[in-house]
Amino acid sequence: MLATQKIIDALNEQVGMEMSASVKYDSIASHFASEGLPRLAGFFFKQATEERMHAHKFIKYILDTGGRVEIPEIPKPPHRFKFAKDAVKMALDGEYEVTRAIHNIMDAAIAEKDYSTATFLQWFISEQVEEVATMDQLLKIVERAGESGLLVVEDYVAGGGGPKAEGAMP
């Protein structure tokens with residue numbers, strides 16, 4: 001079933017948001033790598049790959065519903081951060097922005113009785129709970145450690161700490 005053009009346009013915008021998040025995460029990862037923090041770099045490179053996967057899921061859905069993929073321009077992300085917490089805060093703010101956008105598409109899909117798109121979006125809604133929780137937890141750890149304690153953060157990330165860790169409790 002073909003989604004309406006309004007829904008297709010919103011999904012294309014979401015592809016752009018997911019690609020933008022991926023580029024931001026690559027930029028954050030590169031910054032941490034340059035600062036000698038390989039585990040934080042690896043964490044954000046992995047996040048970048050995950051965001052690209054999300055974009056590809058949206059692309060596939062657009063194509064499966066007969067829509068035309070039109071990836072919007074991706075803005076250049078910051079590439080240097082004065083403090084580690086600034087980089088992680090940018091990531092958390094981005095996750096909130098992505099969450100709002102997905103909720104807005106869900107609202108539009110429900111209003112148009114586009115149940116296929118609403119069902120498709122449900123996975124992303126659940127995924128965003130995890131994404132926000134992960135970045136929120138990491139920001140708290142980075143803020144608590146401070147700039148002089150980033151090696152502690154490296155150990156935290158290396159140990160799989162945070163909400164994505166298997167068996168982690170809130």
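Okay, let's start with two residues to find on your screen: Tyr 25 and Phe 44, both of them buried. One thing to keep in mind as we go is that this is a predicted model.

So what do Tyr 25 and Phe 44 do together? They form an aromatic pair. A pair like that is described by the distance of the centres and the angle of the planes. Here we have 5.6 Å centre to centre and 50° between the planes, and that counts as tilted. Now, where do the two partners sit along the chain? Tyr 25 belongs to helix 1, residues 5-34, while Phe 44 is in helix 2, residues 38-64. They are 19 residues apart, and the pair links distant parts of the chain.

Next one: Phe 58 and Phe 120. This aromatic pair is edge-to-face, with 85° between the planes and 5.3 Å centre to centre. Phe 58 is in helix 2, and Phe 120 is over in helix 4, which covers residues 115-145. Again distant parts of the chain are linked, this time 62 residues apart. Buried or exposed, these two? Phe 58 is buried, and Phe 120 is as well.

And those two have company. Together with Tyr 61, Trp 123 and Phe 124, they form one aromatic cluster. Have a look at Trp 123 while you're there: Lys 57 lies over its face, at 3.5 Å from the ring centre. There's another lysine placed like that, Lys 85, over the face of Phe 83 and at 6.0 Å from the ring centre.

How many aromatic pairs does the structure hold? The count is 8, and among them are the two I've just walked you through.

Technical notes: Residues numbered from 1 in each chain as written. Predicted model: local features only at pLDDT ≥ 70, side-chain atom pairs only at ≥ 80, totals over all residues. Heavy atoms only, no water. Phe/Tyr/Trp six-rings, centres within 6.5 Å; stacked < 30°, edge-to-face > 60°. Helix = DSSP H or I, 4+ residues; strand = E, 2+ residues; numbered from the N terminus. Buried < 20%, exposed > 50% of the residue type's maximum accessible area, 1.4 Å probe, protein only. Lys NZ or Arg CZ within 6 Å of the ring centre and 35° of its normal.
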